[in-house]
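Here is a quick tour of one model, from a packed spot in a helix to a few odd corners of the backbone. Have the structure open and follow along.

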Amino acid sequence: VGQSVDLALRLTGSVVAVVDGFDFGAETLTIVLPGKYRIEVRNIDPLFPSFSIFSMSRHAVALQQGSLWRAAEASATESKRTGKLSDITSSLSRWKELNDVSAVARTYIMQGDAVRASDNFHGAREAYEEALRLCGSDLRCAAEAANNSGSSSSRIGDLEAASQRLREAAAYWRGIFHRLYEGRTLLNLGFLYWQSGDYEHAIEFLDQARPPA
């Protein structure tokens with residue numbers, strides 16, 4: 001399922017399972033036993049509680065590969081639920097085994113979030129930078145990684161790196177027409193320049209963050 005917003009997938013039938021490994025990007029649900037099934041898709045995005053438009057497709061995989069995918073989906077769902085670094089590390093290992101670059105990149109973002117929660121901003125930035133390297137042409141992924149890397153750089157006093165990444169993130173958000181998150185990044189840029197005493201640039205970015213008249 002291509003997630004336009006954060007979606008949870010619930011499988012009922014011969015097997016019951018819930019998959020919710022990522023806030024954005026593709027979410028997969030692998031069925032490894034034959035039977036009749038129903039898949040329910042639920043919007044759980046707190047910022048976008050209304051209806052969502054999404055795409056869905058299906059394809060067959062070998063049974064052994066399917067079992068690996070199912071384990072990776074379960075691990076990702078658990079890591080998102082707990083937010084524990086150990087769970088995220090386990091999930092990261094499974095996605096690397098499957099060589100799913102998109103899932104690996106998004107899991108690095110989760111790892112950065114968990115590391116940042118312990119005030120290890122250098123470690124968080126490393127995770128976000130690795131995610132950004134892997135995001136490739138996925139602008140949503142790149143926007144998340146660049147924004148979070150920039151915020152981490154700001155917390156450790158590396159204002160030049162922070163400014164560069166936050167500017168990149170704002171451009172990525174603009175590229176996918178995500179005005180709300182673009183505005184948040186512009187606010188971060190404004191406050192960054194305000195704290196550095198560059199009030200001219202601070203006012204410039206804070207003005208850009210205003211909603212259109």
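Setting aside neighbours within four places in sequence, Thr-107 is in contact (heavy atoms within 4.5 Å) with Phe-22, Ile-88, Ser-91, Leu-92 and Trp-95. Thr-107 sits in helix α3, residues 101-116. Helices here are DSSP runs of H or I with at least four residues, strands are E runs of at least two, and both are numbered from the N terminus. The relative accessibility of Thr-107 is 1%, so this residue counts as buried. Buried means under 20% relative accessible area, exposed means over 50%, and partly exposed is in between, using a 1.4 Å probe and protein chains only.

Before going on, a word on the ground rules. This is a predicted model, so local features need pLDDT of at least 70 and side-chain atom pairs count only at pLDDT 80 or more, while totals for chains, interfaces and linings use all residues. Residues are numbered from 1 along each chain as its sequence is written, and side-chain values use heavy atoms, with hydrogens and water left out.

Now for the charged pairs. Searching the whole structure turns up 15 salt bridges, where a salt bridge is a side-chain nitrogen of Lys or Arg within 4 Å of a carboxyl oxygen of Asp or Glu. Here are three of them, with the N to O distance and how open each partner is.

| Salt bridge | N to O distance | Acid partner | Base partner |
|---|---|---|---|
| Asp-6 and Lys-80 | 2.8 Å | Asp-6, 7%, buried | Lys-80, 22%, partly exposed |
| Glu-40 and Arg-38 | 3.5 Å | Glu-40, 35%, partly exposed | Arg-38, 53%, exposed |
| Glu-130 and Arg-133 | 2.5 Å | Glu-130, 23%, partly exposed | Arg-133, 58%, exposed |

Take the salt bridge between Asp-6 and Lys-80. That pair links distant parts of the chain, 74 residues apart: Asp-6 is in the loop between β1 (2-3) and β2 (7-13), and Lys-80 is in helix α1, residues 63-82. The Glu-130 and Arg-133 pair is a local affair, with the two partners three residues apart in helix α4 (residues 121-135), so about one helical turn separates them. As for how the bridges join up, Asp-6, Asp-20, Asp-23 and Lys-80 form one network through salt bridges that share partners.

What about covalent links? The structure holds one disulfide, a term used here for a pair of cysteine sulfur atoms within 2.5 Å. The cysteines in question are Cys-135 and Cys-141, with 2.0 Å from S to S. Which hand does the disulfide of Cys-135 and Cys-141 have? The torsion about the S-S bond is about -55°, so the disulfide is left-handed. Both Cys-135 and Cys-141 are buried.

Out on the surface, there's a nonpolar patch to look at. Ile-31, Ile-39, Phe-54 and Met-56 make up this patch of about 350 Å². Accessible areas come from the Shrake-Rupley method with a 1.4 Å probe, and for residues only the protein chains shown count as cover. To be in a patch, a residue needs over 30% relative accessible area and no salt bridge; like charges are joined within 9 Å, and nonpolar side chains (Val, Leu, Ile, Met, Phe, Trp, Tyr) within 5 Å. Met-56 comes from the loop between β5 (37-43) and α1. With 48% relative accessibility, Met-56 counts as partly exposed.

Then there are a couple of backbone oddities. Asn-99 isn't a glycine, yet its phi is positive, near 60°. You'll find Asn-99 in the loop between α2 (85-98) and α3, and it is exposed, with a relative accessible area of 62%. Phe-177 also has a positive phi, about 60°, without being a glycine. Phe-177 is in the loop between α6 (159-175) and α7 (179-196). Where does Phe-177 stand, buried or exposed? Phe-177 is exposed, at a relative accessible area of 75%.

Last stop: Gln-195, a residue of helix α7. Gln-195 counts as exposed at 64% relative accessibility. In sequence, Gln-195 and Leu-159 are 36 residues apart, and in space their C-alpha atoms are 9.8 Å apart.
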